[in-house]
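Work through the exercises below with the sequence and the model side by side. Try each task before reading its solution.

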Amino acid sequence: MFLWGTATAAYQIEGAVTEDGRGVSIWDTFAHEPGRTRDGHTGDMACDHYHSWREDVALMSGLGVNAYRFSIAWPRVQPLGTGPANTKGLDFYERLVDALLEAGIQPVPTLFHWDLPQALQDRGGWLNREVSEMFAEYAATVAHRLADRVPLWITLNEPFVHMAFGYAMGVHAPGEALLTGALPAAHHQLLAHGLAVRALRAAGVAQVAITNNCTPVWPASQREPDLRAAEAYDILHNRLFNDPILLGKYPDLSAYVPTLDVVRDGDLDVIATPLDALGINYYNPTRIAAPTSEGLPFTDAGITGYPTTAFGWPIVPDGLRELLTGLKARYGAALPPILITENGCSNDDTVTVDDQARIAFLEDHIAAMRQAMEEGVDVRGYFVWSLLDNFEWAEGYHQRFGLVHVDFATQRRIPKASYAWLKGFLERQNTDT
């Protein structure tokens, strides 16, 4: 069965940050620090999904999706990141899972979507190897409650973005600006993934995946400095997180850092524990030029000549086909089946719900995915980001990705034109099959 779904993340929609024993996450801390988020917005309320989940499941049921990718908040399950489970937190996710199943929707939980317990950040966060082992314990705790009803699990969401924005550049929580000093956070997230895969399987989970954010990398020119810079960016954005999982080895990083000295014997065997699927989040290609200053071995040269989203991201549907066929060419038989776990766009639809631009975006990207499938890529699912307008990280409530409009003052939900379009599209898929 091909999975057609929508996706969300806990801190972006749940709210209820102090209810029923939930602990503090790094995003709670970061968002309350002056100047960290646009207009000082926080996820304290977000979409109040913690109380409105029944309405949100009904929206998905009405939409006609057969899968829902959501994330489980680690601090809601283990307030301090380790130790006994918070029963009320697990109860919430159990209620959600059961309601989804009753509606004929497959739950696809992600165990980590950037909301690390603050207590673990106080111990170094992902720069601390011990957090990898704690993550595996947390994964087992959740799986022991839900594995009998949930066949497919995702360990991490976009470890590249969390490392780059959270630890290298400081624009996301936890707000560290370490540049290449952030690389241990990459390894420890990947180690956490591998340990969690083993813990999930031991708990009876049938299928496990990871979600990586990947991008086609375009050199700004065919000049050697730009080509080298593009190769460097491809290594740090794409291959650093795909090669260890799929090939059991890191790409050559020697040109950028002396050594990744946190890797121990046996780590890569753990990281390369076989997967059942690879989640891919795609938004746009990246155009790279030679560096213009000290610090990083490349410069983002920007992409012109394409329409853009409200976020300013270029809309390049064929980039999805390029990405998928490129992964198949690079990894061959080592590439597991692929799930498009996020694809969507932010529109300036604060007032109107007639989001025709989003409909065009989805049509064109689904067509690009199908072209890649015709070219031999094994794709088994497509999840629209996002079900609801939500808290968009450092942008607060200024970027709206939802199929459903949310009035954050009243929590009223209003399906947009794209919701109706996708509903019709899915009805046609069912008729055709």
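Helices (H or I, at least four residues) and strands (E, at least two) are DSSP runs, numbered from the N terminus. The model is a predicted one, in which local features need pLDDT of at least 70 and side-chain atom pairs count only at pLDDT 80 or more, while totals for chains, interfaces and linings use all residues. Residues are numbered from 1 along each chain as its sequence is written, and side-chain values use heavy atoms, with hydrogens and water left out.

**Exercise 1. Helix α13 and what follows**

Task: Compare the expected span of α13 with the distance between its end C-alpha atoms, find which of its residues are buried, and describe Gly376.

Solution. Begin with the length: the expected span of a helix is 1.5 Å times one less than its number of residues. For the 19 residues of α13 this gives 27 Å, and the end C-alpha atoms are 27 Å apart, so the two values agree.

Next, sort the residues by accessibility, where buried means under 20% relative accessible area, exposed over 50%, and partly exposed in between (1.4 Å probe, protein chains only). The buried residues in α13 are Arg358, Ile359, Phe361, Leu362, His365, Ile366, Ala368, Met369 and Ala372. When reading such a list, recall that an α-helix has 3.6 residues a turn, so residues three or four places apart point the same way. Among the elements that cover the buried residues of α13 are β1 (3–7), α12 (318–331), β10 (338–343), β11 and α14 (417–432). Asp364, which also has its place in α13, counts as partly exposed because its relative accessibility is 41%.

Finally, move past the end of the helix. Gly376 is found in the loop between α13 (356–374) and β11 (379–385), and just after α13 it takes a positive phi of about 105°. Gly376 counts as partly exposed because its relative accessibility is 40%.

**Exercise 2. Two helix pairs**

Task: For α5 with α7, and for α3 with α14, give the packing angle and the residues that meet.

Solution. Axes are lines fitted to C-alpha atoms, for helices over the stretch in contact, and angles run from 0 to 180 degrees between N-to-C directions. Angles under 35 degrees count as roughly parallel, over 145 as roughly antiparallel, 65 to 115 as roughly perpendicular and the rest as oblique.

Take the first pair: helix α5 (residues 87–102) packs against helix α7 (residues 130–146) at an angle of about 50°, and their axes are 10 Å apart. That angle makes α5 oblique to α7. The crossing of α5 and α7 is right-handed, a term used when the near helix is turned clockwise from the far one by less than a right angle, anticlockwise being left-handed.

Contact means heavy atoms within 4.5 Å. On the α5 side the residues are Thr87, Leu90, Asp91, Tyr93, Glu94 and Val97, and they meet Thr141, Val142, Arg145 and Leu146 in α7. These residues divide into five nonpolar, two polar and three charged, where Ala, Val, Leu, Ile, Met, Phe, Trp, Tyr, Cys and Pro count as nonpolar, Asp, Glu, Lys and Arg as charged, and the others, Gly among them, as polar.

Now take the second pair: helix α3 (residues 49–63) and α14 pack at an angle of about 50°, with axes 8 Å apart, which makes α3 oblique to α14. Leu59, Gly62 and Leu63 in α3 meet Tyr419, Leu422, Lys423 and Leu426 in α14, and this contact divides into five nonpolar residues, one polar and one charged.

**Exercise 3. Backbone exceptions**

Task: Locate the cis peptide bond from Ala173 to Pro174 and that from Trp385 to Ser386, then place Trp114 and Gln411.

Solution. Start from the usual case: most residues other than glycine have a negative phi, and most peptide bonds are trans.

The bond from Ala173 to Pro174 is cis, with omega near 10°, and Pro174 is in the loop between α8 (159–168) and α9 (183–202). The bond from Trp385 to Ser386 is cis with omega near 10°, and Ser386 lies in the loop between β11 and β12 (404–407).

Turning to phi, Trp114 is not a glycine, although its phi is positive at about 80°. Trp114 is found in the loop between β3 (106–112) and α6 (118–121), and it counts as buried because its relative accessibility is 4%. Gln411, not a glycine either, has a positive phi of about 65°; it lies in the loop between β12 and β13 (412–415) and is buried, with a relative accessible area of 14%.
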